[in-house]
Amino acid sequence: MILWRSVVGKLWGTILLLVSFVLFVLTILMLEFIENYHVDEAERELTQLATKVSAIIESHEDQDLAMSISWELTDELTDIIIIEDDTNYWKSPIKTDEIAHLDFKDIKNDPDLYKILENQKKVSKRTNLDSGEQYVNGEDEVLIVGVPYKVSDTKNGAVFISQSLLAVHDTTKHTTKFIILAAGIAIILTTIFAFFLSTRITYPLRKMREVAQELAKGKFDTKVPIMSNDEIGELGIAFNQMGKQLKFHINALRQEKEHLTNILSSMADGVITLNIDGTILVTNPPAERFLQAWYYEQEMKIELGKELPPEAQELFQRVVNTEKEQVIEIMIQGRSWVILMSPLYNQSHVRGAVAVLRDMTEERRLDKLRKDFIANVSHELRTPISMLQGYSEAIVDDIASTDDEKKEIAQVIHDESLRMGRLVNDLLDLARMEAGHISLNLEDISITEFIDKINRKFQGLAKDKKIKLAADVSISKPNVLLDPDRIEQVLTNLIDNAIRHTTEDGTVTIEVEELDNGLTISVQDSGSGIPQEDLPFVFERFYKADKARTRGRAGTGLGLAIVKNIIEAHKGKIQVHSKIDEGTTFSFFLPRNMPTSE
């Protein structure tokens with residue numbers, strides 16, 4: 001079936017059918033011509049013989065002698081009947097019984113033959129002596145020729161000669177066999193020639209099909225072999241030129257696309273291209289970060305056509321309807337994003353929109369820090385100083401009358417001085433870290449044993465607060481190069497914060513996951529969470545998300561700032577994700593291939 005679907009099969013079949021039809025028609029015509037030719041020759045010879053017999057009868061007065069001479073002119077396939085009238089006729093002797101012989105009744109019952117006695121005109125006829133039907137092919141078919149002759153001046157007779165067409169049919173059969181044999185040889189030769197010709201003609205076409213398939217796969221260097229200088233060869237040349245031009249244009253388009261992609265990837269602002277139905281067409285890395293934050297907020301349950309926040313969707317609808325640019329600022333996971341959206345035109349019609357996103361979190365953070373920094377520092381220092389001043393005045397004014405009261409006042413003064421000392425030390429450590437003077441004592445330690453040590457360290461505190469503390473380490477290479485004291489300081493701060501902000505029967509989990517180029521350590525709790533507006537500022541100095549916490553438990557607000565600097569000193573990164581009443585996750589990444597010195 002595959003052969004008949006191909007050009008080779010169709011061309012081969014067409015040539016074969018055409019030649020077969022021509023040979024069939026030629027055979028039919030040739031057989032008809034040969035048969036008619038032999039019949040015509042037989043008719044001519046019988047007419048001459050009948051004329052000769054009539055002349056013999058007319059020229060001899062001795063009828064017996066004339067008959068004897070006439071009978072000598074016959075053969076096994078020929079019969080002669082001489083008729084004077086209905087009662088007087090003579091028939092040549094029968095020499096064989098293998099064929100049908102002409103009789104007087106055959107002539108008398110045939111009006112076409114019998115009328116020669118009346119109009120004295122020559123007559124000839126092909127008939128079947130058994131059936132009496134004309135032109136019936138078979139062994140009994142005969143050719144009858146009648147010639148008139150003069151019996152006397154007033155009386156006319158007729159000489160009828162019949163000859164069997166068996167010899168003609170035998171000749172036709174032999175001729176048919178030879179013609180069929182020749183036609184069969186011709187068809188076989190034609191088949192071979194047609195298949196060879198069609199294969200030669202279609203070979204360049206098949207090569208073009210293969211090259212076209214290669215071009216469809218992106219292999220533009222594939223060429224069609226040029227095997228002739230005819231139209232097919234010119235088609236192959238044109239096909240190669242087309243492939244060359246196609247490669248040139250594809251490369252040009254690829255270069256333009258790469259150029260545009262590089263520009264978009266290098267932009268500090270996010271870019272999102274939207275279709276007219278609101279679906280996203282193109283994004284760059286900053287825009288991807290914006291979308292990932294939105295997806296995380298929606299717990300990755302994003303429906304098709306709702307990939308943007310509702311505020312951005314409304315902004316898109318206003319841009320499409322008004323065909324004017326619009327600006328909006330939204331908060332996603334505590335980060336402030338300004339979206340400038342403009343209509344995207346297709347000639348004269350709007351076919352979508354282009355949104356430019358800028359992360360304004362840093363600008364908003366700096367504005368907030370500028371307002372809060374002085375207040376935070378003055379608040380942190382003013383309170384212990386006020387307490388020192390008040391209790392010292394109580395001692396000076398001799399308000400404390402007993403030794404126990406004096407000891408209590410002295411203890412408060414001591415605690416507040418220690419608090420001020422810790423605050424100053426933290427400020428000095430933080431300033432030293434931010435100035436790049438932090439030193440790391442790197443050691444190749446087993447992270448499994450290290451995490452187990454930290455876990456045991458906080459089990460007592462967790463049990464006191466009825467909190468489940470667990471560790472999950474999924475790592476195949478346990479040894480990691482890091483500063484164990486600094487990383488322990490990081491985990492101590494994160495776990496302490498997690499336990500402090502988790503209610504009874506809650507959970508705190510330490511997870512370690514292995515990556516290709518490092519590992520990620522996460523501290524996840526099921527506590528109260530951090531407000532969205534506070535997330536961008538949790539790593540800032542003196543920043544406290546929970547404004548209602550007691551002083552004794554709140555600390556100085558410098559712990560997470562120190563944590564961030566320690567992680568960055570290890571060439572790592574730290575991030576936080578949180579939802580109100582669902583918990584908080586602090587995770588930091590530590591690379592394996594870390595420099596041994598700063």
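This section describes helices 9, 13, 14 and 16 of a predicted model. Local features required pLDDT of at least 70 and side-chain atom pairs pLDDT 80 or more, whereas totals for chains, interfaces and linings use all residues. Residues are numbered from 1 along each chain as its sequence is written, and side-chain values use heavy atoms, without hydrogens or water. Helices (H or I, at least four residues) and strands (E, at least two) are DSSP runs, numbered from the N terminus.

Helix 9 (residues 285-297) has 13 residues and an expected span of 18 Å at 1.5 Å a residue, in agreement with the 19 Å between its end C-alpha atoms; the expected span is 1.5 Å times one less than the number of residues. Its buried residues (under 20% relative accessible area, 1.4 Å probe, protein chains only) are Pro286, Ala287, Phe290, Leu291, Ala293, Trp294 and Tyr295. The elements covering them include helix 10 (310-322), strand 6 (270-275) and strand 8 (326-332).

The axes of helix 13 (residues 447-464) and helix 14 (residues 484-500) come within 11 Å and cross at roughly 35 degrees. Axes are lines fitted to C-alpha atoms over the stretch in contact, with angles from 0 to 180 degrees between N-to-C directions. Contacts (heavy atoms within 4.5 Å) involve, among others, Phe450, Ile454 and Phe458 of helix 13 and Ile487, Leu491 and Ile495 of helix 14.

In helix 16 (residues 559-569), eight of the 11 residues are buried, including Leu560, Val563, Asn565 and Ile567. Just after helix 16, Lys571 adopts a positive phi of about 65 degrees.

Terms used
Buried < 20%, exposed > 50% of the residue type's maximum accessible area, 1.4 Å probe, protein only.
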